[in-house]
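Subject: Structure handover

Hi,

Here is the structure we talked about. Please open it alongside this message; my notes follow below.

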Amino acid sequence: MSVGLGLPIGDPAQLLSWARRAEATPFTTVALLDRLVFHNPEPLITLATLAGATSRIRLQTEVLLAPLHRTALLAKQAATLDLLSDSRFTLGIGIGGRDDDYLAAGVDLRTRGRRLDAQMATVRRLWSGEPLSEEVGPIGPAPARPGGPEVLFGGFVPAAIERVARFGDGFLGANLPPAHMDGMFRSVEEAWSRAGRTGRPRLLAQVNVALGPPPVIDRARRELRAYYQPGGYTDHVVNGLLTTGAQIRAAVSAYRAIGADEVMLYCWSPGPDQVERLAEAVFETP
């Protein structure tokens, strides 16, 4: 099973160092979250920069809030990133739920699910080389991966699971303990089978992590709280931060046991030395 690394947003200028250092470890993926009304860097631009600084490690949005983006431009950006990274790009997609992000983008929050479904139908057609409409032709470039980059959907509701079966290659579950994630994974597999898809969906789990002395952990908790508040589950997420190697290894083992193909360790401490700390915790025998 693979283990990936979620990139922190506390100090964007450090992310090139993060990516280069991660490439020198067994981590398989680096990933970046998406918000509009927040201090995080824009994920597609950032991952394109990291693609040029690396050659092996995969690049992933975790997750891109696709309804905030113009559909044709999103298709072009994702195809370009897939092409220039030599098919190392995974487009993780979600809808989010914060009013301010949607107000800033001028998109109706209430229609975000329907908008995403329409976007995915269009994006898949464009990636296959079809014209946008009767009036507008194809939009290139062609992605490196036939049919477009790998697409994962994140979310907790039945609609997200159905999107995996209709439009996606897999599912990304975040902030759920293994017992609950097990049920989500099985639901994704069942929806995949009902849709007549061949093979099996990729299944990913995400946990929040930080390692180091108390000041490092305290800052990570502050970053995590700032990102998730306001929300009724903020305390739950912050209290779920894994802060020891033993906790992280146990989580990876538990997600492996329920069939996860990859576990994403999303780090909330911006210090680049977290890369080696986490690699030692996961990949070296304690």
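I start with helix H6, residues 158-167. Its buried residues are Ala 160, Ile 161, Arg 163, Val 164, Ala 165 and Phe 167. The cover over these residues includes two helices, H5 (112-127) and H7 (178-194). It also includes two strands, S6 (150-154) and S7 (170-174). Bear in mind throughout that this is a predicted model.

Next, strand S9. It spans residues 262-267, and 6 of its 6 residues are buried. Glu 262, Met 264 and Tyr 266 point one way. Val 263, Leu 265 and Cys 267 point the other way. This is the pattern to look for, as side chains in a regular strand alternate between the two faces of the sheet. Here, the residues pointing either way are buried.

S9 has two strand partners to look at. Strand S1 (residues 2-6) runs parallel to S9, joined by 5 bridges. Strand S8 (residues 202-209) also pairs with S9 in the parallel sense, over 6 bridges. On the S8 side, Val 209 stands opposite Cys 267. On the S1 side, Gly 4 has Met 264 as its bridge partner.

Gly 4 deserves a closer look. It lies in strand S1. Is Gly 4 buried or exposed? Its relative accessibility is 0%, so it counts as buried. The cut-off for buried is under 20%. Gly 4 and Met 264 are 260 residues apart along the chain, yet their C-alpha atoms are separated by 4.5 Å. Beyond its neighbours within four places in sequence, Gly 4 contacts Glu 262, Val 263, Met 264 and Leu 265. It also contacts Phe 27, Thr 28 and Thr 29.

Last, a helix pair. Helix H2 (residues 43-53) packs on helix H3 (residues 71-84). How are the two helices oriented? The angle is about 15°, and the axes are 10 Å apart. Angles under 35 degrees count as roughly parallel, and H2 and H3 are therefore roughly parallel to each other. The crossing of H2 past H3 is left-handed. H2 brings Leu 44, Leu 47, Ala 48 and Ala 51 to the contact. H3 brings Leu 74, Gln 77 and Leu 81. By type, the contact residues are 6 nonpolar and 1 polar, with no charged.

Best wishes

Notes:
Residues are numbered from 1 along each chain as its sequence is written. This is a predicted model: local features need pLDDT of at least 70, side-chain atom pairs count only at pLDDT 80 or more; totals for chains, interfaces and linings use all residues. Side-chain values use heavy atoms; hydrogens and water are left out. Buried means under 20% relative accessible area, exposed over 50%, partly exposed in between (1.4 Å probe, protein chains only). Helices (H or I, at least four residues) and strands (E, at least two) are DSSP runs, numbered from the N terminus. Two strands pair if DSSP finds at least two bridges between them. Axes are lines fitted to C-alpha atoms, for helices over the stretch in contact, and angles run from 0 to 180 degrees between N-to-C directions. Angles under 35 degrees count as roughly parallel, over 145 as roughly antiparallel, 65 to 115 as roughly perpendicular and the rest as oblique. A crossing is left-handed if the near helix is turned anticlockwise from the far one by less than a right angle, and right-handed if clockwise. Contact means heavy atoms within 4.5 Å. Ala, Val, Leu, Ile, Met, Phe, Trp, Tyr, Cys and Pro count as nonpolar, Asp, Glu, Lys and Arg as charged, and the others, Gly among them, as polar.
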